[in-house]
Amino acid sequence: MEIIHISAECYPVAKAGGLGDVVGALPKYQNKLGHVAKVVMPMYRTKFLYSNEWELVHEGGQYLGLKWFHYSVIKEKTNKLGFDLFLVDINGLLDREKIYGYDDDSERFTAFQIAVCDWLSKWQHLPDVIHVHDHQAGLIPFMIKYCYAFAHLGQIPTLFTIHNGQYQGWMGWDRSHYIPAYDSWKWGLLDWKNNINPMACAVRCAWKVNTVSQSYMEELRYNANGLEDLFEYEKGKCTGILNGIDTEVWDPATDEYIAKNYSVETVEKGKRKNKKELCKQFNLDPEKPLFTFVGRLVGEKAADILPDAISSSVYQHHGNCNFLILGSGEPVVETQLEIVKQQLSGYVSTFIGYSESLSHLIYAGADFLLMPSRIEPCGLNQMYALRYGTVPIVRNVGGLRDTVVDFGDWQGFGIRFNEASVWDVTYSVGRAIDLYYNRKDRFHEIREFMMNIDHSWDSSAQQYISLYQSLK
Ligand code: ADP
Ligand code: GLC
């Protein structure tokens, strides 16, 4: 089959979170299965752009409302990512340093989607499936079905994957002229509570919809940032497919970002070395259990409870634990973490910002990884932690529930708790110290067990292929 993935992120080209990891890996694994998967994304000003060679494959123009824009499509020359990668360049709109967070994001991503549809409609040979990811590509199933200019594409099956239902891409109806002329009777497909809602529109218009874990699919029916009724109504076309991880990028035996490579056989020694390095860099004590957090400092991840949960844990457990936080996000949380770091210097450290290399060193050097998320569609960090022999301590939600089994349950290996609260985190930190850190034999056994769990994309990539094949 020929599959076109359309996404705002793709690792290593541009990544803000797990969406990038997934779109950088899934197509590669689909190609390994004998299919032809390609990725189309915006051209941002990233390091990857400037350090690789590109060829021009198409130039065109379209309107965004009354404004004519010119776009070009470039292709990476060497297929180094394991799939064909196309970047859409729209001068002045997409070519920025960051992926998101601009006032004109609606214009940027609507123009991107129009350009992609326009380019695809020039293809002689059409793909078998168009696979769109998150709201930034969510208008495409509507556009190819109902916009006159793209009528030629109308019969191509579409799959919409929801990586995060919280972000829906709303825009006011005053921007409806951005969408190329369409059958006006269909306006209701774009609307949700008097706004244009690309996520709702994609759920209605895509041939099928999936989320990145089964539990999250069920949760959306009662917690979907206002779209609960829609998910209840459309449940027949929705499924959950658990994400995998790219085991070539995330492999402690070959990872170039870490201080010492290791495998299951050498895990104790390897982790000790990495922990030592990490503790040296952050002024922490390598003899104490190291609890870490990697991620966006936002409400969804319950990052706001971290400052209190950390101080409470340090005091409750008599200073017998260290914490290291890597992340950026809400300024209030960033500031509170900095304050805790100063108050509990030697016990707590932080790196406020984004660092791909440090994230790898943390998975390798930490003893425990905390994920108290309020919402977690899948979560990749816990799977990276497992692969690096780090015990995940997670809230019982979404993909975390589907990938982490509590030590108290059959074949359990991690720690799970119910509430995104200071108390639950503090209590779980205590459990981690008692269950694992103070029982070295058990800790070693569990590390080996976790590292052998298979979360590679092999099985999920095949599940996507089966889902495409069912699109009729
Ligand atoms: P989400 O996509 O909701 O942020 P995921 O768990 O799916 O959560 O994926 C997060 C990805 O982003 C992981 O690869 C994680 O290592 C990475 N990441 C998040 N924050 C940072 C950061 N500050 N520095 C480096 N990597 C980060
Ligand atoms: C989103 C979700 C995260 C998921 C990722 C990749 O960003 O928040 O849980 O793992 O997408 O699907």
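Mentor: Let's start with a term: a polar contact is a pair of N or O atoms within 3.5 Å. Keep that cut-off in mind as we look around, and remember that this is a predicted model.

Trainee: Okay, then which polar backbone atom is 2.8 Å from a nitrogen atom of ligand 1?

Mentor: That one belongs to Gly353. At 2.8 Å, the pair falls inside the 3.5 Å cut-off. Ligand 1 has oxygen atoms to look at too: one is 2.6 Å from a backbone N or O atom of Gly18, and for Asp21 the partner is an N or O atom of the side chain, again at 2.6 Å.

Trainee: How much of the accessible area of ligand 1 does the protein cover?

Mentor: Taken on its own, ligand 1 has 560 Å² of accessible area, and the protein covers 93% of that.

Trainee: And how many residues surround ligand 1?

Mentor: Count 20 of them, with Lys15, Gly18, Asp21, Arg296 and Lys301 as the closest. Sorted by class, the shell holds nine polar, six nonpolar and five charged residues. You can also sort by element: α1, β12 (290-297), β13 (322-329), α12 (356-365) and α13 (381-387) each give two or more residues.

Trainee: Which domains does the shell around ligand 1 draw on?

Mentor: Domain 1 (2-244 + 457-469) and domain 2 (267-451) each supply at least three residues. The shell around ligand 2 also takes at least three from each of these domains.

Trainee: Let's go to ligand 2, then. Which residues are closest to it?

Mentor: His163, Asn243, Glu376, Cys378 and Gly379, out of 13 that surround ligand 2. Helix α1 (residues 18-32) gives the most to this shell, namely three residues. By class you get six nonpolar, five polar and two charged.

Trainee: Where do backbone or side-chain atoms come within the cut-off here?

Mentor: Try Cys378: a backbone N or O atom there lies 3.0 Å from an oxygen atom of ligand 2. Pro377 also uses a backbone N or O atom, at 3.4 Å from a ligand 2 oxygen. Asn164 uses its side chain, where an N or O atom is 3.4 Å from an oxygen of the ligand. As for cover, the protein hides 93% of the 310 Å² of accessible area that ligand 2 has on its own.

Trainee: Now the sheets. What holds strands of a sheet together?

Mentor: Strands pair through backbone hydrogen bonds, in either a parallel or an antiparallel sense. One open sheet here has six strands, in the order β14-β13-β12-β15-β16-β17, with parallel pairing. Its edge strands, β14 (348-352) and β17 (415-417), each pair on one side only. From one strand to the next, the twist averages 20°. Zoom in on β12 and β13: eight bridges join them, and Leu290 stands opposite Asn322 in β13.

Trainee: What is the pairing in the sheet of nine strands, parallel or mixed?

Mentor: Mixed, and that sheet is open too, running β3-β4-β5-β2-β1-β6-β7-β10-β11.

Trainee: Why do β3 and β11 have one side without a neighbour in the sheet?

Mentor: Because β3 (54-64) and β11 (238-240) stand at the edges, each has a single partner strand and so a side left free of neighbours in the sheet. The twist in this sheet averages 25° from strand to strand. For a pair to trace yourself, take β6 (residues 129-133) and β7 (residues 158-162), parallel over four bridges. Start at Ile130, whose bridge partner in β7 is Thr158.

Note on methods. Residues are numbered from 1 along each chain as its sequence is written. Chains are lettered from A and ligands numbered from 1 in the order in which they are written. This is a predicted model: local features need pLDDT of at least 70, side-chain atom pairs count only at pLDDT 80 or more; totals for chains, interfaces and linings use all residues. Side-chain values use heavy atoms; hydrogens and water are left out. A residue is near a molecule or strand if one of its heavy atoms lies within 4 Å of it. A polar contact is a pair of N or O atoms within 3.5 Å; within protein, one must be able to donate a hydrogen and the other to accept it, and residues adjacent in sequence count only if both atoms are side-chain atoms. Accessible areas come from the Shrake-Rupley method with a 1.4 Å probe; for residues, only the protein chains shown count as cover. Ala, Val, Leu, Ile, Met, Phe, Trp, Tyr, Cys and Pro count as nonpolar, Asp, Glu, Lys and Arg as charged, and the others, Gly among them, as polar. Domain bounds come from an automatic or database domain assignment. Two strands pair if DSSP finds at least two bridges between them. Axes are lines fitted to C-alpha atoms, for helices over the stretch in contact, and angles run from 0 to 180 degrees between N-to-C directions.
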